[in-house]
Amino acid sequence: MKLTYKFNNDEKRIDIERLDYLTPNSTEIYVREGDTIYVKDNDYLYINQLIKESTSGIKSYATVSGNVELENGIIKVNNDKSDSSFVSEEALDDIKDVKKEEIIKRCESLGIDYENKLIVNKLKGNSRLLIVNAMDVEPYQFNNNYLFQDNVKELLETIELLAKRFNIDAYLLLNKYDDNNVNAVKGVINNYQDVNLKVIEDVFPYNTNQIVAKKFFKEYKYGDILFLDSFALYKIYFAIKNGLPVSERYITVNLGDPNKAYVIKTKYGANVGEIIKEIIKIDYSDRDIYLNNFMRRVKCDNLDSLIVTDNIKSIFIFPKENIVPSKCIKCGKCVDICPVGINPLAPKLDSSCIRCGLCNFVCPANINLISKEK
Ligand code: SF4
Ligand code: SF4
């Protein structure tokens with residue numbers, strides 16, 4: 001599978017290999033202060049069984065079946081690999097006639113979240129515009145594109161349903177170079193009268209929500225826009241259709257070759273180190289590892305204890321490079337490139353910084369401008 005990706009006007013076709021890792025040895029969930037825990041040590045859990053609920057109502061479920069081990073604030077489920085699963089009695093054949101109250105009820109009772117907030121609160125708000133960004137908002141990351149590609153019809157149906165029931169304008173954003181999704185959607189969009197398709201150039205950071213809002217939807221206040229990505233939309237679809245939480249997520253792994261990436265479908269709670277060792281088969285102990293955006297230069301030293309959540313989107317495993325910052329040569333490149341027009345050289349970054357990392361990326365002196373110790 002090839003996808004064209006454009007970064008700083010440099011167009012590339014990236015070879016993307018898709019892999020599955022759906023039987024991790026175990027999954028883990030961290031317990032936070034105030035969480036209500038619904039399982040005890042040694043309980044047997046089925047996939048989709050409720051494990052805990054946060055103080056804000058976000059619920060976590062088992063994504064593999066097996067026995068529970070409670071230790072040091074971690075709830076571990078040892079996968080017996082039988083895939084024993086709870087089945088909901090609330091599954092529907094079709095979602096098109098579901099009423100607004102039922103959408104809210106299903107999302108609320110499952111406690112599903114997006115960006116660590118309950119989705120139901122977003123749905124209950126007074127948004128005037130729904131934007132589903134099916135692109136990934138970080139460079140060299142392809143999870144949203146691929147989840148959308150795998151579920152085009154289901155996700156279009158869900159956008160249409162939300163637009164109708166919540167009486168809001170709805171846009172779907174796709175990457176111009178993502179031929180598979182663009183062609184698939186164009187082929188059926190006439191069946192979804194309430195879905196507006198917007199195909200834009202996936203030029204980082206134009207694909208980030210704040211900039212998308214400013215650039216293409218100026219007439220709306222940012223606070224009036226309900227942004228969802230493919231995963232959040234899919235959680236809503238699954239809750240409405242099946243009355244169940246989603247147990248699978250995709251992550252992108254890049255090994256430093258700009259022309260090649262892996263998109264791995266795995267389970268929430270799976271150990272990232274285990275996935276890399278088992279499926280990519282590399283020893284990463286002497287590599288530099290970055291999470292989600294390599295340009296921010298925030299290193300990850302704990303791949304062995306990292307678990308798959310919505311916050312883990314991409315892993316960059318690069319050959320070790322000892323980057324030594326030198327003195328600023330006052331070239332101004334960091335100021336020129338900043339997409340929100342702030343001064344990256346300021347001792348304290350302005351709060352409008354979107355942490356895109358572009359200032360770091362262009363700095364010839366290798367200064368980490370996002371770091372507090374710059
Ligand atoms: S200061 Fe740097 S990280 Fe922040 S928005 Fe500007 S370029 Fe991006
Ligand atoms: S890009 Fe780097 S060297 Fe150039 S002005 Fe900014 S901090 Fe200084």
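Against which elements do the buried residues of α4 pack? In this predicted model, the buried residues of α4 pack against two strands, β12 (129-133) and β13 (169-175), and against the helices α3 (143-150), α5 (179-188) and α7 (230-242). Helix α4 itself covers residues 152-165 and contains 14 residues. From its first C-alpha to its last, α4 reaches 20 Å, close to the 20 Å expected at 1.5 Å a residue. The buried positions of α4 are Leu155, Leu156, Glu157, Thr158, Ile159, Leu161, Leu162 and Ala163. An α-helix has 3.6 residues a turn, so residues three or four places apart point the same way. After α4 comes Asn167, which has a positive phi, near 55°.

The protein is divided into four parts, namely domain 1 (2-22 + 260-319), domain 2 (26-79), domain 3 (100-242) and domain 4 (326-374). Between domain 2 and domain 4, the C-alpha centres are 41 Å apart.

Several strands lie in the range 26-79. An open sheet is formed by 4 strands in the order β3-β9-β8-β5, with antiparallel pairing. Its edge strands, β3 (26-30) and β5 (44-45), each pair on one side only. Within this sheet, strand β8 (residues 66-71) and strand β9 (residues 74-79) run antiparallel and are joined by 6 bridges. Across this pair, Leu70 stands opposite Ile75 in β9. Strands of a sheet pair through backbone hydrogen bonds, either parallel or antiparallel.

Further pairing involves strand β6 (residues 50-53). Strand β4 (residues 36-37) pairs with β6 in the antiparallel sense over 2 bridges, and Ile37 stands opposite Lys52 in β6. Strand β6 is also joined to strand β7 (residues 59-61) by 3 bridges, again in an antiparallel arrangement. Here Leu50 is placed opposite Tyr61 in β7. Together β6 and β7 make a hairpin with 5 residues between them. In the turn of this hairpin, Gly57 has a positive phi of about 95°.

Two lysines were examined for their backbone angles. Most residues other than glycine have a negative phi, and most peptide bonds are trans. Lys81 has a positive phi, near 60°, and is placed in the loop between β9 and α1 (100-110). Lys81 counts as partly exposed because it has 13 C-beta neighbours inside 10 Å. Lys330 also has a positive phi, of about 55°, although it is not a glycine. The loop that holds Lys330 runs between β19 (314-319) and α9 (333-337). Lys330 is exposed, because 9 other C-beta atoms lie within 10 Å.

Two ligands are present in the model. Ligand 1 is surrounded by 16 residues, of which the closest are Cys338, Pro344, Cys353, Cys356 and Cys359. The shell around ligand 1 consists of 14 nonpolar residues, 1 polar residue and 1 charged residue. Around ligand 2 there are 14 residues, and the closest are Cys328, Cys331, Cys334, Cys363 and Ala365. For ligand 2, the shell divides into 11 nonpolar, 1 polar and 2 charged residues.

Notes. Residues numbered from 1 in each chain as written. Chains lettered and ligands numbered in written order. Predicted model: local features only at pLDDT ≥ 70, side-chain atom pairs only at ≥ 80, totals over all residues. Near = placed C-beta within 6 Å. Nonpolar A, V, L, I, M, F, W, Y, C, P; charged D, E, K, R; others polar. Domains from an automatic or database assignment. Pairing = 2+ DSSP bridges. Expected span 1.5 Å × (residues − 1). Buried ≥ 20, exposed ≤ 12 C-beta atoms within 10 Å, placed from the backbone. Contact = placed C-beta atoms within 7 Å.
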